[in-house]
Every structure is written in structure tokens, then in C-alpha cells.
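Please read the following walk through a protein model with the sequence and the coordinates at hand, taking each region in turn.

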Amino acid sequence: MFRLDGGPAALLETDEQRQLRSVLRDLLSESCGPGDVRAQGESPRGYDPALWERLAGEIGVHGLALPEEYGGAGYTYAELAVALEELGRVLCPAPLLTTVVLAGHALLVSGDRRACARWLPGIASGAVTATIAGFLHTAAITAERGPDCWVLRGEADFVPGGEGADLLLVMARTPDGERLFACEPDGTTCERTARRVLDPTRRQALVRFRGARAEPVGEAGQAAGVVEAVLDAGRVGLAAEHVGGSGHALDAVLGHVSERVQFGRAIGSFQAVKHRLADLLVEIEGARSASAYASACLAASSPELPLAAGAAAVVCTGAYRLATTEYVQLHGGIGFTWEHPAHLYLRRARADEALFGTGDDHRLRLAGLLGLAG
């Protein structure tokens, strides 16, 4: 069951992917350290526009998984997953997940070539930031025909990246059922309020539509399929971020226990600490495999994607939770201080656990997909 065309070799990292990882790690190490992340999280936009432009212009990260006809590079989500993993490794608050994985994928799976031609080139170049609304939580958004266009009314809460996004892909109810709309928000008909959230590196907002102009994207009757496809893509992207964050936590802990001396020896030499680190390594390697397979399924448009995305969500979220817990605890007293970056990773891990559904939600869905639900 768990096999793509090309077999195990399809999951191996290519030379291009290794080079991409190396370039990104060098760039992010110089411009997205813990101090930079804190400063970006407290800035008006919540991220560094200069770094965002460099990621798009110098490396072409935003367009990796977008078709060339829409300004992208024509690669796949396997390459984009490498970028997401590296951004997750440093907690980069740039809205790549919301803009490319969520909104960009929503446009692509809608099959609306006009909408793709209008907005995807801006996403690929980094000129446009975007997100989705009405996909993640129960939202009371309706769309009605105005004199010369569709208009949106209602609200969506905890919209990731919603406060500053240039484009909102909105799922709204119409007289003919739910449908996808594109809205370029303005201050008069779209009120956006930042929510106070656990993770300052991933902002969320309450978005209220008061007659906001919108354009339909795709055909009526597609809504359920678009939502499922976008949320599965989001789970795959989030899993890659969690692998990166878990890898950082393990490296940081290894560095600390190798240097921290108690009773005349490094604490990493104690058997109890070795056991905890071995358990963590096993969890992270399992998460890495689950994430790689899910990314490969998304890249290949495999029918296995719903299963792979759900499994990756469960495994990678669990590994990240364990990694960040050990990150704090094995650093001892300093790991509990605001000055140490461990708590930022812990916040990201806890906040992300419910972003696209909780672990129990994913397990129930997996049971249904496998025919195990009672």
C-alpha cells in the first residue's frame, strides 16, 4: 500500500534538494537567528520583508511547486518541503505555509486558470501574501450577488496570517451551496483583528467581512474537494516544518549535554540521558520518513495522499512535542527562562497541534479511510 511509482528511490533526496537545503541553511543562519525571530515576531508585519524578498528573488522558494506558466519553477512539493523544513528549523515567521501551501494550492486545485493566471505569478514572485479563510474552523461566511459583483458577509476566526495577507481565499455559502472566492481585502469592508495566540511566530486573526468585494474561483460544487485537498497539503507542509524544528531541538540538546558538566563528567554520558536522546532520535527519524512519504505523495498527486498526510500529521506532531519537551527539560533551569529560545519552539509545537485538526481528529479520519471506524 505505501509505495509510489519509483519505489523507495522516490523518497531519496536529490542533489538539487541537497543544494537547496544547503543554500537555505546558510541564508537563514545569517538572517533568522533567535534574536531575529523575536524581533520579527514583534514587528508590524510579523516577519522580515527583506528576507521574504530574498527567499523569493534569490532562491525562488515561493515558486518551487508552482507551474512555470504561472511564474513558478515547475518543481514539486518535495522541493518545497525541503524549504519548509529549513524554515521550521529556525522558526522563520515568514508566511510561506499560508501563502504557497494553503492559498497557492487552493488556486491550483480549483482548476480556475483565469484565477491562477491572475494571482499565482504574484505569489511566486513574493509580491503577494495570501491565506485561506473558512477552511479551518466553522465559519459563518455568506456570499451574495451585488449590483456588479459578489460580496462577502460574516466572519472567520483564527485565520493564519490573516491580519496582513494581500489575498484571502474564502470558503463561503451561496444559495447553490459552498463555493470558493478570492478577496483582496480593504479597510472599509473587511475588518481584521489580530488574535492573541500562544505562538508569536505564527499570527492569527479574526476577519469580519462587511460587504467585501469578491470573485468566484472555480465552479460551484467543488468546495468539499478543494477544502480536503488544501488541508491535506497543509498537513504535509506542517509535518515538514515539524521535522525541521525537531531536528533543531535534538541538535541543541546534544550540544548542551556534551558541554554541561555535573559530578565531574558531561551529563550526556549519563545512561538516563542517553536513553532519552535515543528515544527522541527514533521518534524524529520516524517523523522524517512519514514527512518524506507524504511530500512524495503530494508531489505525485497520489491517491494515497489522505492517508499519508494524516499519518504524517500524527507522527510529526508527536515527535515535535517530545523534541520540544526534551529541549526545555534537558537544558535544566535555563531552558525555562524567557531568554532561551527553547520556549519559542515549545510554543510552536503546542500551537500547531490543533492547526489542521488535533491528533485525535487525524486518527479518527485515518480509521475511516482504512475502514476501521466502528
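In this predicted model, the sulfur of C190 has as its closest cysteine sulfur that of C183, and because the two are 5.2 Å apart they are too far from each other for a bond. A disulfide would call for a pair of cysteine sulfur atoms within 2.5 Å. C190 is nonetheless a buried residue, with a relative accessibility of 4%. C297 is buried as well, its relative accessible area being 0%, but the closest cysteine sulfur to its own, in C316, is 13 Å away and therefore too far for a bond. In keeping with these two cases, a search of the whole structure finds 0 disulfides. The bond in question is a covalent one between the sulfur atoms of two cysteines.

From the cysteines we can turn to the empty space inside the model. Rolling a probe the size of a water molecule over the atoms shows where such space is left. A search of the whole structure for cavities of 30 Å³ or more finds 4 of them, and the largest has a volume of about 80 Å³. This largest cavity is lined by 14 residues, of which L238, A313, T317, D352 and H362 are the closest to its centre. Two or more lining residues come from each of the helices α7 (223–259), α9 (305–329) and α11 (359–369), and α7 gives the most, with 4 residues. Sorted by class, the lining of the largest cavity holds 5 nonpolar, 6 polar and 3 charged residues.

The second largest cavity encloses about 70 Å³ of space, and 13 residues line it, with G134, L136, H137, D157 and V159 lying nearest its centre. Here the elements that each supply at least two lining residues are the strands β1 (130–133) and β3 (150–160), and the largest share, 5 residues, comes from β3. By class, the lining of the second largest cavity is made up of 9 nonpolar, 3 polar and 1 charged residues.

The backbone deserves a look next. Most residues other than glycine have a negative phi, and most peptide bonds are trans. Against that background, F263 has a positive phi of about 55° although it is not a glycine. F263 sits in the loop between β8 (261–262) and β9 (265–266), and with a relative accessibility of 77% it counts as exposed. A second residue other than glycine with a positive phi is S301, where the value is near 50°. S301 is placed in the loop between α8 (271–299) and α9, and at 62% relative accessibility it too counts as exposed.

How far apart should the ends of helix α1 be, if its residues rise by 1.5 Å each? The 17 residues of α1 (residues 15–31) should span 24 Å, and the end C-alpha atoms are 25 Å apart, so the expected and the computed values agree. Within α1, the buried residues are Q17, L20, R21, L24, L27, L28 and S31. Seen down the axis of α1, these buried residues fall within an arc of 140°, which means that they line one face of the helix. On the other side of α1, by contrast, Q19, S29 and E30 are exposed.

Two further positions show residues that are distant in sequence and brought together in space. L180 is found in strand β5 (residues 177–183), where a relative accessibility of 4% makes it count as buried, since the limit for that class is under 20%. The C-alpha atom of L180 is separated by 8.4 Å from that of V226, although the two residues stand 46 residues apart along the chain. P93, for its part, lies in the loop between α4 (77–90) and α5 (96–110), and although it belongs to a loop, P93 is buried, with a relative accessible area of 8%. P93 and R202 are 109 residues apart in sequence, yet their C-alpha atoms are 6.1 Å apart in space.

Technical notes: Residues are numbered from 1 along each chain as its sequence is written. This is a predicted model: local features need pLDDT of at least 70, side-chain atom pairs count only at pLDDT 80 or more; totals for chains, interfaces and linings use all residues. Side-chain values use heavy atoms; hydrogens and water are left out. Buried means under 20% relative accessible area, exposed over 50%, partly exposed in between (1.4 Å probe, protein chains only). On a 1 Å grid over the protein atoms alone, a cavity is a set of points where a 1.4 Å probe fits but cannot get out, and a pocket is an open set with protein on both sides within 12 Å along at least five of seven lines; lining residues have an atom within 4 Å of a point. Grid points are joined across faces, edges and corners, and a volume is the space filled by probe spheres set on the points. Ala, Val, Leu, Ile, Met, Phe, Trp, Tyr, Cys and Pro count as nonpolar, Asp, Glu, Lys and Arg as charged, and the others, Gly among them, as polar. The expected span of a helix is 1.5 Å times one less than its number of residues. The arc is that of the directions from the helix axis to the C-beta atoms.
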